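Ready for a walk through a structure in your viewer? Keep the selection panel open, and we will go from stop to stop.

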There are 4 protein chains.
Amino acid sequence: MSDNTIPVPARRLRAGIVGGGRGAFIGAVHRIAAELDGQAQVIAGALSSDARIARESAAGWFLARSYASYEEMAAAEAADANGIDFVIIATPNDLHFPVARTFLEADIHVICDKPLALTVAEGEELVRLVEAGPTLFALTHPYTGYPAVRQAREMVRGGHLGEIRLCLVEYTQDWLMEPLERRGNKQAAWRTDPARAGLGGCVADIGTHAANLLEYVTDRPIEGVCADLSSFVEGRLLDDDAHMMVRLAGGAKGTLICSQIACGEENRLSLRVYGSQAGLEWQQEEPNTLLFKPAGRPWERWRTGHGYMGAAARAATRVPPGHPEGYLEAFANIYRGFMQDVRRVAIGQPPLRDYPGAHEGLRGLRFVAQAVASSRAGSLWRSL
Amino acid sequence: MSDNTIPVPARRLRAGIVGGGRGAFIGAVHRIAAELDGQAQVIAGALSSDARIARESAAGWFLARSYASYEEMAAAEAADANGIDFVIIATPNDLHFPVARTFLEADIHVICDKPLALTVAEGEELVRLVEAGPTLFALTHPYTGYPAVRQAREMVRGGHLGEIRLCLVEYTQDWLMEPLERRGNKQAAWRTDPARAGLGGCVADIGTHAANLLEYVTDRPIEGVCADLSSFVEGRLLDDDAHMMVRLAGGAKGTLICSQIACGEENRLSLRVYGSQAGLEWQQEEPNTLLFKPAGRPWERWRTGHGYMGAAARAATRVPPGHPEGYLEAFANIYRGFMQDVRRVAIGQPPLRDYPGAHEGLRGLRFVAQAVASSRAGSLWRSL
Amino acid sequence: MSDNTIPVPARRLRAGIVGGGRGAFIGAVHRIAAELDGQAQVIAGALSSDARIARESAAGWFLARSYASYEEMAAAEAADANGIDFVIIATPNDLHFPVARTFLEADIHVICDKPLALTVAEGEELVRLVEAGPTLFALTHPYTGYPAVRQAREMVRGGHLGEIRLCLVEYTQDWLMEPLERRGNKQAAWRTDPARAGLGGCVADIGTHAANLLEYVTDRPIEGVCADLSSFVEGRLLDDDAHMMVRLAGGAKGTLICSQIACGEENRLSLRVYGSQAGLEWQQEEPNTLLFKPAGRPWERWRTGHGYMGAAARAATRVPPGHPEGYLEAFANIYRGFMQDVRRVAIGQPPLRDYPGAHEGLRGLRFVAQAVASSRAGSLWRSL
Amino acid sequence: MSDNTIPVPARRLRAGIVGGGRGAFIGAVHRIAAELDGQAQVIAGALSSDARIARESAAGWFLARSYASYEEMAAAEAADANGIDFVIIATPNDLHFPVARTFLEADIHVICDKPLALTVAEGEELVRLVEAGPTLFALTHPYTGYPAVRQAREMVRGGHLGEIRLCLVEYTQDWLMEPLERRGNKQAAWRTDPARAGLGGCVADIGTHAANLLEYVTDRPIEGVCADLSSFVEGRLLDDDAHMMVRLAGGAKGTLICSQIACGEENRLSLRVYGSQAGLEWQQEEPNTLLFKPAGRPWERWRTGHGYMGAAARAATRVPPGHPEGYLEAFANIYRGFMQDVRRVAIGQPPLRDYPGAHEGLRGLRFVAQAVASSRAGSLWRSL
């Protein structure tokens, strides 16, 4: 009896993965995030273009089916009554577009690591593809999966901050402060190579997370950017540091800083939003706390897990207060929303789309393109 | 073809669970922790003594086999060539002993929620059982699974603190500050009921975690305790607040505080150790940071994920620096050690026992017994 | 024309100081604290028993009158129409009692560094002396001068915490972790010498500050103490580390820890109070913040300088929010209260006594005596 | 006998003050800062243009001499053998220039609140005046008086950060988030009035402190600025929020943010500097800590008062570690340097100029002018 005769709600979903073989940190993150809630299992993969790594990685994950290429995988799984319900794309950036297109055309739902594609043109084509069909598409901006971030968005939407005036967002790291790309680091090599990473370096790799977080929480698009991008490490072709002033729809202004040469910083993503009635502050490295700063009253330290948190945050929390959750759980929350939609469409319900999709991905590509253009023009304002 | 013909290293382990049905927070934690690394899957369960809850919970987790009782489960799984490799015990305290004994006697490895048993006598019997046979036994003191805690232990062992002098450990919460046991809260009801929770209330529920953490990091047993236990909530039969002075082997002194009526505290477990050359500080609620305080020099903020961390911490970390890990990942590290041993013994290798076991559980029971005895005697020192 | 014909409210007060000559940190603190608000000037002194140090120190402070002994100073100033309005005692502990008695008997107001005296008997005599006459007596427990501490007291008194249940107070340092008393450190020498420091070492030097802070904020006396005192540094005659369980009037329980061998700690005085409705937390090293923890709601971060603070805190604050105040300003607040009383009694108004006095000093001496007695008896509970 | 026959080193210095009468927070700050170390006393003043306030304020401070105007004061004090040694200017901005010129021309040393003047032209004239004569001039940028800031500068100068790459400086407040200037707040009224405050609002009031701090610590001038200034409060004529990208001599880049409408912020001045070998971080609201972030090693928490701090920080510290110092002490450190020079020139020694002077004031005026010009031009880069 085919497992497929078991209706979707009564079994774990089956997932496949492209990329993410041994040595690729992000592949393991996707697997854990997909499986964390016991709603899915990764059972198939095309884990590497290197056949030996692909095979050994598949064995290490106990995959039922290992493929030599993503094209083969898409064809075989689409034809299999027990085929995968969705595919995870965890390859370097330059493959996101072709892999995504292949699986979308095979009618297999896609959840794709960020960015959406290498260029705005590719991104626009993917948006068209996704909008044309019933197949689901999610983009993993995991930081929007944190309960405190969802609480922040809910507070902004609920009007608790009043009119939004001022936003400060930062994403600083130091992992590229040395020329690792010339010292054999594979990830550094492709991330600093325009052919594989795209137009932007740091601004694309982490600046887009910051921009997405800003737009997500404020519920307002970035309309203009004025940027100053630099490459501090000699010989580097893409930016490793970027300072930007931004303007949001509705009149708010802000600063967006990202850097991968900020010595001593790990993964310092932080957001502050100030309105006419209150302010908010969140720090990714201590993600379970949200500071709420009402005018003329003491700051409040909202913590995940409490009954006083709103519905969105509560739905994204797995443990009681004081039991810290982190990056993997946030990542799993993106999967949770996506997989909920996979189950919904399987039984004919409309998707809820409570996760970033192709549209957000395209916005990110445009943000990178305009930031780079602004910087090249000597920091002129550019519209998105 | 039986899956069992696949040797253990080439497949995910199969786990069963007793207790942890719908509504029991800790059951889901065990499932996530067991499955996080993709090394096991929970496939069988006796999830509740209530048949409907058991059945529905099993369906929610997509379990292949659901049992009406743990005795039935032990018998059936032991007889099945594709039976479970280990069982998870996630019941209320009073069942830990009989369930553990049943599965040990069925030669099925056991990983059991803390405490080991209700009484010292039961605990001694389990220790005898475990020591007599080849079957593995782990006790989930999850806080010792944090990478920073393992780093702390390594630093103490490596002599970086010099002679240990002073230890301050605290575990405070507020969830029992109201008489929830009289307001329909099931967990509060059994935890404050001597028949189901044992001799100690707060001192047993969380004080043992604090004591275990202290002994784990300092690598020294608590030798004496002088305690003052209280029940602040009227009508409560077990302590909900405890102040203790402790003495450790080798001459160190300390204070151990635990409370479940500390208004506003979530899960504030913290440890400080001061030696003749340096001090250490760790806070569970921000668990990825370890403060190292060398004499006459600035404090150092050691963070998980870095290359400068020791081998034990690195082995317990899944993501790069700045990507916070939390309670579930720490819990999964206990499972990781246990499951590594399950795989080792399956191929005839000796277990490494890098996780708390029956011995630590018995120490916890003795700690509770002596703390209660000290307090009843008007805070006389009692030896462990 | 004598300056004394200018009524007190129309001129700065004149202060004298005993002790505090060059090299004595605390002397300069007293001078700054006395003069900070422009209400007094130190104009006379007997700054050292060493004549040269006394003379040079007086010149360094531009004192108008320098004396060879405190007895001479008391006699001369009492007889001078332009004599000092009050005396500051900043000598080692063993002189507090004789100096205080001398000036009280000369009808000169006294503000004395802590402790009140060396023994309970001396303390009782000073209390009798002070209570018998009109002369004012203040004891500098400076930590009660912090605005946030005064706010804490006001919140407890106002019932915002409900019934007080649990108190945790700690005062840890590391300055005596090495045998400085055998390496030429003068302060270490007298502080570890029973003849000059009294019965207690660490418990007297800093434990009394912790006990005073606890009683001040909770507005409840410590009624019982169960202590375990140690001398970790070889050859030291007085305790350098103390763990204590305490009981307060009204049923609250607590832990009081003090240590001067806690490697890496500077001056970590902290207080937490938990009631049936809310908790409070304050840390001396970041003194402008008071955490308020209401049941079931987010923590609030109360900050000095804001309009939402109560009257007592506002009256003790000199600058707007975000302009940090520290130890000297807190110390000056003790002086502010005392000098306000000096001015009041000069014009016939009753004193307000909004500062620690002889009574608090005597409580401190009794606390030390009972803590030492408890520890010597093997940690038996002792009543205060 | 005239007090003046006492040589300067043997008496407290005599100070006068212009402005700072009752209700003016900054006047009291200057008095405390000037007198904190017992090296000076404020004895004369022209405290207000309102005669009654001037008289009553002078009485409140027990001043020996109170004047109706600063011109009268300059003339009288210059002619008096016991006249003041220096004058403090604590008036609104528009009077800084005429008052400073008046006292400089009377050969009386000047210490002036920031800014130097209203316009670049005035500032240039003051620089000429100061450079032409022997009279000393100090400008109170108090934040450079913090010991940790001086330590930061010393670490940069000592090469501990390597080549400086990236600087982030921020100064946010919320006190102007409502239109206080239309609600009777006198300070808000003049600070938002171009005639009395000058070209810049927030960028001048606090942005210049941030710019000065940045240049002070990095030891590099800001060479270019690209700004986006806003007035969020309706009807306000000057900016209340400013985002700026900056470039420093030597190739470092940075962001400078200032805002007075950042709801919930008190006085959040912070600085981060990242070099090729280490980073630094300092927060004014917790000013006794300096974070040092060496590449590949744990962060270090340098704290004021310790022996490991450098000479500059130690010289600016009055109390042992863990006894927090704050804004008033930092302010007093500016005075300490200035008054040391007053004593030096009185005995014919060359001044050391270890404090901000007219030159720094002029740089601040240029910074404001170019930031305003950049913003008006649509955020074009402008050179300083």
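**First stop: a proline in a loop**

Begin by selecting Pro115(A), which is found in the loop between β5 and α5 (120-132) of chain A. Bear in mind as you look that this is a predicted model. Now show the backbone of Lys114(A) as well: a cis peptide bond joins Lys114(A) to Pro115(A), with omega at about 5°. Peptide bonds are mostly trans, and most residues other than glycine have a negative phi. Jump to chain C and select Pro115(C), in the loop between β5 and α5 (120-132) of that chain. The bond leading into Pro115(C) from Lys114(C) is cis, and its omega is near 5°.

**Second stop: the sheet of chain A**

Go back to chain A and colour its strands β1 to β6. What is the order of the strands in this open sheet? Reading across, you pass β3-β2-β1-β4-β5-β6, six strands with parallel pairing. At the edges are β3 (65-66) and β6 (137-140) of chain A, each of which pairs on one side only.

Next, isolate residues 86-90 and 109-113 of chain A, which are strands β4 and β5; four bridges pair them in the parallel sense. Pick Ile88(A) here and you will find Ile111(A) of β5(A) standing opposite. Then add residues 93-105, helix α4 of chain A, which lies across β1 (13-19), β4, β5 and β6. Against β5(A), helix α4 runs at about 170°.

**Third stop: the sheet of chain C**

Switch to chain C, where an open sheet of six strands has the order β3-β2-β1-β4-β5-β6 with parallel pairing. Its edge strands are β3 (65-66) and β6 (137-140) of chain C, each with pairing on one side only. This time, select strand β5 (residues 109-113) of chain C together with β6(C): they run parallel and four bridges join them. A pair to label is Cys112(C) and Leu139(C), the latter standing opposite in β6(C).

Now bring in residues 70-79 of chain C. This is helix α3, which packs on the sheet and touches β1 (13-19), β2 (40-46), β3 and β4 (86-90) of chain C. The direction of helix α3 makes about 130° with that of β2(C).

**Fourth stop: chain B against chain A**

Hide everything but chains A and B. How are the two copies related? A turn of 180° with a shift of 0.0 Å along the axis lays chain B on chain A, at an RMSD of 0.0 Å. This relation is therefore that of a two-fold axis. The same surface serves both copies, as 100% of the contact residues of chain B recur in chain A. To find your way to the axis, select Gly326(B): of the residues of chain B, its C-alpha comes closest, at 2.8 Å.

In this interface, 41 residues of chain B are in contact with 41 residues of chain A. The buried area is about 3200 Å², and carbon and sulfur atoms give 51% of that. Five salt bridges are counted between the two chains. One to zoom in on joins Glu266(B) and Arg303(A), whose closest N and O atoms are 2.7 Å apart. Highlight α1 (25-35), β2 (40-46) and α11 (327-346) of chain B, the elements that give two or more residues to the side touching chain A. The largest share, five residues, comes from α1(B).

**Fifth stop: chain D against chain A**

Swap chain B for chain D. Chain D can be laid on chain A by a turn of 180° and a shift of 0.0 Å along the axis, with an RMSD of 0.0 Å. Here Leu380(D) is your guide, with the C-alpha nearest the axis in chain D, 3.5 Å away.

The contact takes 47 residues from chain D and 47 residues from chain A. About 3500 Å² is buried between these chains, with 55% given by carbon and sulfur atoms. Between them, 10 salt bridges are counted. Among them is the one from Lys253(A) to Asp228(D), with the closest N and O atoms 2.9 Å apart.

**Last stop: two positive phi values**

Finish with two loop residues. Arg353(C), between α11 (327-346) and α12 (358-376) of chain C, is not a glycine, yet has a positive phi of about 55°. In chain D, select Asp107(D), in the loop between α4 (93-105) and β5 (109-113); its phi is positive too, near 60°.

Notes:
Residues are numbered from 1 along each chain as its sequence is written. Chains are lettered from A and ligands numbered from 1 in the order in which they are written. This is a predicted model: local features need pLDDT of at least 70, side-chain atom pairs count only at pLDDT 80 or more; totals for chains, interfaces and linings use all residues. Side-chain values use heavy atoms; hydrogens and water are left out. Two strands pair if DSSP finds at least two bridges between them. Contact means heavy atoms within 4.5 Å. Axes are lines fitted to C-alpha atoms, for helices over the stretch in contact, and angles run from 0 to 180 degrees between N-to-C directions. Copies are superposed by least squares on the C-alpha atoms of residues with pLDDT of at least 70 in both. Buried area is the accessible area (1.4 Å probe) that two parts lose on being put together, summed over both. A salt bridge is a side-chain nitrogen of Lys or Arg within 4 Å of a carboxyl oxygen of Asp or Glu.
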